[in-house]
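Please open the model in your viewer and keep the sequence beside it, so that each stop on this tour can be selected in turn.

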Amino acid sequence: MQPATPRQREILALARVQGRVSVDGLAEKFSLTPQTIRKDLNDLCGRRLLSRIHGGAVIASDIENIAYEARRLIAADEKRAIGRAAAALIADGSSLFINIGTTTEEVAQALTGHKDLLVITNNLNVARTLYPCPGFDVVVAGGPVRRSDGAIVGTAAVDFIRQFKVDSAVIGASAIDEDGALLDFDYREVLVSQAIIENARRVILVADRLKFSRSAPVRIGHISQVQTFVTDHLPSCRLRSICSQHSVKVVETVPMKGDVSATIA
C-alpha cells in the first residue's frame with residue numbers, strides 16, 4: 001500500500017532514512033501546521049506504513065528490519081542509559097556473550113571500563129569496541145558477515161557458540177509481544193541468539209520501550225528464559241505481570257545528563 005500524496009511519500013522516505021520523524025520537525029520542513037502533519041502521520045499509520053510514538057512516528061515493518069544506521073538514531077539516549085545499567089550488572093573477571101543489536105553495542109561501550117572480561121560475540125561492532133581494552137579476551141564467531149550491520153549469522157556461528165558455557169549473555173530483540181515472546185527478523189540471527197540463551201548461566205535482555213510497539217516474524221524465545229530485563233520503561237502491565245510470575249528482574253532506566261538512575265521491580 002502506497003502513501004496517498006507526494007508529501008506523505010516524502011515523509012515515508014525520511015522515516016526510512018532516519019528511523020523516526022517528529023511532528024514539529026515535519027511541520028517546520030513543510031511549513032505546515034502540526035495538525036496537518038498529524039493527519040498525514042495518522043493516515044500513514046492507518047496504512048501500516050508508520051507506527052505512532054510520542055511526538056512523531058517510526059517506520060513500521062513486520063517483515064523487514066529498519067536500516068542499521070537509522071536504528072542507531074532511534075531512542076539513542078535511552079539505549080545509552082540501558083547499556084550503562086546492563087554493564088553495571090557484569091562483574092569483572094567474568095565471561096559473557098553479546099549478540100547483535102544497537103542496544104547491545106551500547107552495553108559493549110559501557111563495558112570498556114571493566115577488567116579481565118572474556119567476551120564471545122557474533123557482532124563485529126562489539127568486537128571492534130572491546131578488543132583494544134587491556135585485559136579483555138575477545139572471541140568472534142565464524143561464519144558469513146551480514147553487510148548491513150556486521151552480524152555474523154548462520155549455522156557455523158551457532159556451532160561456535162555451543163563450544164562455550166559463560167556466566168552471562170547480553171541479548172537484544174527487534175520486538176517484544178504482550179505475551180512475552182521475543183522476536184526478530186532474520187531466522188539465521190535467531191538461531192545464534194537461541195544458542196546464546198542455551199549456553200549462558202544468566203541472560204540479560206536489553207530493549208527500549210519502542211520494541212513493545214513493533215512486531216517481527218521470527219521467534220527467539222520467551223521472556224521467561226531471561227533472568228534480568230533492562231529497559232528504559234515497561235508500559236505493559238501484562239508483560240510486567242509475566243516478568244513477575246517468572247522471577248524476571250526488571251530494571252527501568254532513566255537517561256539523565258551524565259548519569260543513570262534505575263528502578264528495579
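Begin by selecting strand 11, residues 181–184, together with strand 13, and you will see two antiparallel strands that are joined by four bridges. Bear in mind throughout that this is a predicted model. Within this pair, look for Leu 182, which stands opposite Gly 221 of strand 13. Now add strand 10, and the picture becomes an open sheet of three strands in the order 10-11-13, with antiparallel pairing. Strand 10 (175–176) and strand 13 stand at the edges of this sheet, and because each has a single partner strand, one side of each is left without a neighbour in the sheet. As a general point, the strands of a sheet pair through backbone hydrogen bonds, and they may do so in parallel or antiparallel fashion.

Next, show helix 9, which lies across strand 11 and strand 13 and runs at about 15° to strand 13. Which element gives the most residues to the largest nonpolar core? Helix 9 does, with five residues. To see the core itself, which has 35 residues, select those with the most contacts inside it: Phe 97, Ile 176, Leu 182, Leu 205, Ile 223 and Phe 229. Among the elements that give two or more residues to this core are helix 8 (155–161), strand 9 (166–171), strand 12 (200–206) and helix 10 (237–245). In soluble globular proteins, nonpolar side chains tend to be buried together. There is also a second, separate core of 21 residues, which includes Ile 98, Leu 111, Val 119 and Ile 204.

Return to Leu 205 and display its surroundings: leaving aside neighbours within four places in sequence, Leu 205 is in contact with residues including Ile 171, Ala 173, Ile 176, Leu 182, Ile 223, Val 226 and Phe 229. In strand 14, Phe 229 is the bridge partner of Leu 205, and the two strands concerned, strand 12 and strand 14, run parallel and are joined by three bridges. If you look along strand 14, you can follow how Thr 228 and Val 230 point one way while Phe 229 and Thr 231 point the other way, although all of them are buried.

Stay with Phe 229 and add Phe 212. The ring centres of Phe 212 and Phe 229 are 6.1 Å apart and their planes stand at 90°, so this pair is edge-to-face. The pair links distant parts of the chain, since Phe 212 sits in the loop between strand 12 and strand 13 whereas Phe 229 belongs to strand 14 (residues 228–231), 17 residues apart. Are these two rings' residues buried or exposed? Both Phe 212 and Phe 229 are buried.

The count of aromatic pairs comes to two, and the other stop is Phe 160 with Phe 164, a tilted pair with 5.4 Å from centre to centre and 55° between the planes. Phe 160 has a relative accessible area of 19% and is buried, whereas Phe 164, at 22%, counts as partly exposed, because the limit for buried is under 20%.

Two further selections complete the tour. Choose Asp 137 in strand 6 (residues 137–140), and see that Asp 137 touches Leu 117, Leu 118 and Val 119, not counting residues up to four places away in sequence. The C-alpha atoms of Asp 137 and Val 119 are separated by 6.2 Å, although these residues are 18 residues apart along the chain. Finally, select Lys 29, which lies over the face of Phe 30 at 5.7 Å from the ring centre.

Key:
Residues are numbered from 1 along each chain as its sequence is written. This is a predicted model: local features need pLDDT of at least 70, side-chain atom pairs count only at pLDDT 80 or more; totals for chains, interfaces and linings use all residues. Side-chain values use heavy atoms; hydrogens and water are left out. A nonpolar core is a set of buried Ala, Val, Leu, Ile, Met, Phe, Trp, Tyr and Cys residues joined through side-chain atoms within 4.5 Å. Buried means under 20% relative accessible area, exposed over 50%, partly exposed in between (1.4 Å probe, protein chains only). Contact means heavy atoms within 4.5 Å. Rings of Phe, Tyr and Trp (its six-membered ring) pair if their centres lie within 6.5 Å; planes under 30 degrees apart count as stacked, over 60 as edge-to-face and the rest as tilted. A charge sits over a ring if NZ of Lys or CZ of Arg is within 6 Å of the ring centre and within 35 degrees of the ring normal. Two strands pair if DSSP finds at least two bridges between them. Axes are lines fitted to C-alpha atoms, for helices over the stretch in contact, and angles run from 0 to 180 degrees between N-to-C directions.
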